[in-house]
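Below are some notes for a colleague who is coming to this structure without earlier acquaintance. They are set out as numbered points, to be read with the model at hand.

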Amino acid sequence: MTRRLSRRGRDVAVLLDDFGHRLPTALSAPAAPRERGPFPVLVPRRGPRGRGRGRSATPAPLSVWRMTSEQTPVAWPLIPTPGLPPTGAQMGIDLLSGGTFYCDPVGWVTDDAIPVTNPNVVVFGKPGRGKSATVKAFALRMLGYGYRTLILGDTKDEYEPLCRQLGVEPFVIGSGLPARVNPLAFGPLGYRWERLDAAEARRREAIIFARWLVLLRGLVGSQSVPFGPVEETAVGEALRLLTGYRGGATRLTEPTIPQLWRALDEPPDELVAGCRYADRRHFLDATRILRDALGTLVKGSLAGLFDDHTSIDVDWRAPIQSLSLSRLEPLGDQAVGIALTCLNSWGQAMREIADPGDLRIVVRDETWRQMRLGTEAMKSLDANLRLSRRDADVQILLAHKPSDMLTAGDAASQAVAIARDLLHLCDVKVLHGQDQAVGDELGSLLGLAPMAQRVVTGWAVAGKGRALWLVGDRAFKVQTVLTEPELRLTYTNDALTAGGPA
């Protein structure tokens, strides 16, 4: 008998076999046949036969669509919008894609793949929805990328904590305070004028006088006074006489608004002749309304603010600079709007010759107050926004709702037409929470689809920092995320809670 041995000795089956007991052998299960594929049973085109099995007598009609990958997310909403490059300030979470949202307006302009042609940003939202917190967080986080921030008119002193945290004391402008800002400042263009050749002097002269005329149009227009060719000729000739440019002086003198008013009110013979008037009386009669408008600015509610040479020394290398206008609130919206117009011109003068790579974020709060001054004030703001690409500035406008920009005049007026164009000069729009009543404005003025309107009037209202970001024609549903130090710096309810955030 053959003995079956294993390496470890005889097993139980062998031992039992020696005594005549054989264990039954287990039958192996037959191997299951391999399936032909993931769908072994093919269903007919019209469905399986039988009651309740989905049989269709005729096939359902199918429509065929051909589209690009950019159009696909619209027809198939489960596909997220293509993300933006991870450059610039990290703002929060894009809830449509689940990724991090970065904000880099200048980088978007230089990237041909992104439909953005200018770095201007407009921010809308009802009070308390996080507009200023988003702007402050953006300015603070862009410091690491070499950007500096200029607050041209802090009407509610919201940026004071941020300035002091960065070691900068804000400038305060108000009645009885020593700070003065001259809107007719030369700016960097006036430096070393005596060393310029004739061609460069003419080029700079054209830039300076053009800026002054834009400002004066806005200031005179704020008094509901027309500023036509007659007024432009008189003002331009007076400024050339005051600066010494008409006489060929090698060192120009910086004028002020009171000096301009006195030159027009007591015109010298050179001015009368330069404006081609028959005599002094003819000149005074033709410029009476213009002189009265300028006189109101000199002797009115803004007396002592913009009627002398600039007395503040701005450190343009500091990370942030702010000019507070909160002391002007008791004077009314018109006074604040005129002050914003003057500051815009002064700020533009300081940026006309910027060092290469000197990137700046210019924040313009309560812009609607300047817009209400009329058409000429709108043109002044419009000119600033159009120069943002040249100056490498990120211009940020803040307002409560889109219709605020349409309060500059009647529906068919030129001012309203310019206001509508301003919306198109801001390729980046940040829409924080709004009431349901503002939904129609979002559709008519910004072209938002009903689904996007519901994001602004529904989801964005339910929490602070929520906003629909429109970058060109792309939409992003963003929740801004703030750190603990940023929460303290961006808190704006001190007057309501008598303290900081809980």
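1. The pLDDT is the predictor's confidence in each residue, on a scale from 0 to 100. This is a predicted model, and the mean pLDDT of the protein chain is 82, with 87% of its residues reaching 70 or more. Confidence is lowest in helix α20 (residues 494-497), where the mean is 53, and highest in strand β10 (residues 466-471), where the mean is 95. Over residues 1-6 the pLDDT falls below 50, and this stretch has seven contacts in the model beyond its near neighbours in sequence.

2. As to the overall make-up, the protein chain contains 20 helices and 11 strands, and of its 502 residues 47% are buried. Among the contacts with a separation of 6 or more, 71% are between residues 24 or more positions apart.

3. The strands deserve attention next, since they form an open sheet of 11 strands with mixed pairing, in the order β2-β1-β11-β10-β9-β3-β8-β7-β4-β6-β5. The edges are taken by β2 (99-103) and β5 (171-172), and because each has a single partner strand, one side of each is left without a neighbour in the sheet.

4. At the β2 edge, strand β1 (residues 89-94) runs antiparallel to β2 and is joined to it by five bridges, one of the partnerships being that of A89 with C103 in β2. The two strands form a hairpin with four residues between them, and G98 in the turn has a positive phi of about 80°. Strand β1 also pairs with β11 (residues 474-480), in the antiparallel sense and over three bridges, and here D94 stands opposite V478.

5. Elsewhere in the sheet, strands β7 (residues 359-364) and β8 (residues 393-399) pair in the parallel sense over five bridges, and I361 has V394 in β8 as its bridge partner. Helix α14 (residues 375-386) packs on the sheet, where it touches both β7 and β8, and its direction makes about 140° with that of β8.

6. Helix α8 (residues 257-265) has as its buried residues I257, P258, L260, W261, A263 and L264. These buried residues pack against five helices, namely α6 (198-221), α7 (229-243), α9 (269-274), α10 (280-286) and α11 (288-299). As background to such a pattern, an α-helix has 3.6 residues a turn, so residues three or four places apart point the same way.

7. Which residues does N344 contact, leaving aside its neighbours within four places in sequence? They are L152, R364, Q370, L381 and N384. N344 is found in helix α12 (residues 333-350), and because its relative accessible area is 2%, under the 20% cut-off, N344 counts as buried.

8. E486 offers another buried polar contact to look at, in helix α19 (residues 484-489), with a relative accessibility of 8%. A polar atom of its side chain lies 3.0 Å from the backbone nitrogen of T483. Not counting residues up to four places away in sequence, E486 touches L140, R141 and V481.

9. On the cysteines, how many disulfides does the structure hold? The structure holds zero disulfides. Two cysteines may be noted for their burial: C103 counts as buried at 3% relative accessibility, and C342 counts as buried at 2%.

10. Some loop residues may be checked for their backbone angles. D157, in the loop between β4 (147-154) and α5 (160-165), has a phi near 55°, a positive value in a residue other than glycine. R276, which is placed in the loop between α9 and α10, likewise is not a glycine and has a positive phi of about 65°. Is R276 buried or exposed? Its relative accessibility is 70%, so R276 counts as exposed.

11. A last loop residue is Y191, found between β5 and α6, which counts as exposed at 55% relative accessibility. Y191 and R251 are 60 residues apart in sequence, and their C-alpha atoms are 9.5 Å apart in space.

How values were computed
Residues are numbered from 1 along each chain as its sequence is written. Side-chain values use heavy atoms; hydrogens and water are left out. Buried means under 20% relative accessible area, exposed over 50%, partly exposed in between (1.4 Å probe, protein chains only). Contact means heavy atoms within 4.5 Å. A polar contact is a pair of N or O atoms within 3.5 Å; within protein, one must be able to donate a hydrogen and the other to accept it, and residues adjacent in sequence count only if both atoms are side-chain atoms. Two strands pair if DSSP finds at least two bridges between them. Axes are lines fitted to C-alpha atoms, for helices over the stretch in contact, and angles run from 0 to 180 degrees between N-to-C directions. A disulfide is a pair of cysteine sulfur atoms within 2.5 Å.
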